[in-house]
Amino acid sequence: VAGDELVEQMTVSALTKMKDRPIEESKKKDIAEAIAVAAIKFTILKQNFRKDIIFDKEKALALEGDSGPYIQYAVVRIYSLLRKVKTETNKKEIEEKLTGESLTLQRTLARFELVCFQAIDEMAPQHIAQYLIDVSAKFNTFYAHTKILNQGEDGIFVINKNIVALCESTKDILEKGLYMLGIRTVTEM
């Protein structure tokens, strides 16, 4: 299969998966193409290039597991969360200590530069790809166990500034890592 044919096939598959999403039709093709390219590039880059590469279209486009779209989806989730925090008018901001999942995520984010240097030294982009999978998985665990927009009995949303800052840092690291792999991020999927 030629490269442009594969991109087109993957774009069609991504569009099919997105058909019921509430996204403007004019944006869907561009987003689907970004997802398709991410799926292809990430599948190749996450593996040791000295070995045979096995390409499975369905796994490559999956929104869970170790795929480019999985990492793009983590970025989209953070963008959505940050929009809600920013647009919520009935809120009170506080600063509380981070939870166990938050600290685990924070420690993982702190390894970014080390992983990048290792990838450069060894000419092995799979280190960055595997790191991004790890960050995304840790973010999803954190997200599942952490109340980010916590509405009190009085109707006011309580927002922990430290949690929001951690989400922003996670988004920045994921975007930088994807950029280093030549993968475009999207703000909705």
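## Two helices that cross

At what angle do helix α1 and α2 pack, and how far apart are their axes? The angle is about 120°, and the axes lie 8 Å apart. Helix α1 covers residues 3-18, and α2 covers residues 25-45. This is a predicted model, so read each value as computed from that prediction.

An angle between 115 and 145 degrees counts as oblique. That makes α1 oblique to α2. The crossing of this pair is right-handed. On the α1 side, the contact is made by L6, V7, E8, M10, T11, A14, L15 and M18. On the α2 side, the contact is made by K28, K29, I31, A32, E33, I35, A36, V37, A39 and I40. Sort the residues of this contact by type: 13 are nonpolar, one is polar and four are charged.

## A second helix pair

Now turn to helix α4, residues 68-87. It packs against α7 at an angle of about 40°, with the axes 9 Å apart. Helix α7 spans residues 126-145. Again the two helices are oblique, α4 to α7. This crossing is left-handed.

Which residues of α4 meet α7? They are Y70, I71, A74, R77, I78 and L81. Their counterparts in α7 are A129, L132, I133, S136, A137, F139, N140 and Y143. This contact divides into eleven nonpolar residues, two polar and one charged.

## The sheet

Three strands form an open sheet. Their order is β1-β3-β2, and the pairing is mixed. Strand β1 (residues 91-94) runs parallel to β3 (residues 157-160), and four bridges join the pair. Within this pair, I94 stands opposite N160. Strand β2 (residues 150-151) pairs with β3 in the antiparallel sense, over two bridges. Here N150 has V158 of β3 as its bridge partner.

Why is one side of β1 and of β2 left without a neighbour in the sheet? Both strands stand at the edges, and each has a single partner strand, so one side of each has no neighbour there. Helix α8 (residues 161-180) packs on the sheet and touches β1 and β3. The direction of α8 makes about 60° with that of β3.

The strands β2 and β3 also form a hairpin. Five residues lie between the two strands. In this hairpin, G155 takes a positive phi near 90°.

## Residues in the loops

Look next at K46, in the loop between α2 and α3 (residues 57-60). Is K46 buried or exposed? It is buried, because its relative accessible area is 16% and the cut-off for buried is under 20%. Leaving aside neighbours within four places in sequence, K46 is in contact with D66, Q126, A129 and Q130. Among these partners, A129 also belongs to the α7 side of the contact with α4.

M123 sits in the loop between α6 (residues 112-122) and α7. Its phi is positive, about 50°, although M123 is not a glycine. M123 counts as exposed, because its relative accessibility is 63% and exposed means over 50%.

R21 has its place in the loop between α1 and α2. With a relative accessible area of 31%, R21 is partly exposed. Which residues does R21 touch, not counting those up to four places away in sequence? R21 touches K28, L63 and M189. Along the chain, R21 and M189 are 168 residues apart, yet their C-alpha atoms are separated by 7.5 Å. K28 appears in the contact of α2 with α1 as well.

T99 lies in the loop between β1 and α5 (residues 100-109). It is partly exposed too, with a relative accessible area of 32%. How many residues separate T99 and G177 in sequence? They are 78 residues apart in sequence, and 25 Å apart in space, C-alpha to C-alpha.

Notes: Residues are numbered from 1 along each chain as its sequence is written. This is a predicted model: local features need pLDDT of at least 70, side-chain atom pairs count only at pLDDT 80 or more; totals for chains, interfaces and linings use all residues. Side-chain values use heavy atoms; hydrogens and water are left out. Two strands pair if DSSP finds at least two bridges between them. Buried means under 20% relative accessible area, exposed over 50%, partly exposed in between (1.4 Å probe, protein chains only). Contact means heavy atoms within 4.5 Å. Axes are lines fitted to C-alpha atoms, for helices over the stretch in contact, and angles run from 0 to 180 degrees between N-to-C directions. Angles under 35 degrees count as roughly parallel, over 145 as roughly antiparallel, 65 to 115 as roughly perpendicular and the rest as oblique. A crossing is left-handed if the near helix is turned anticlockwise from the far one by less than a right angle, and right-handed if clockwise. Ala, Val, Leu, Ile, Met, Phe, Trp, Tyr, Cys and Pro count as nonpolar, Asp, Glu, Lys and Arg as charged, and the others, Gly among them, as polar.
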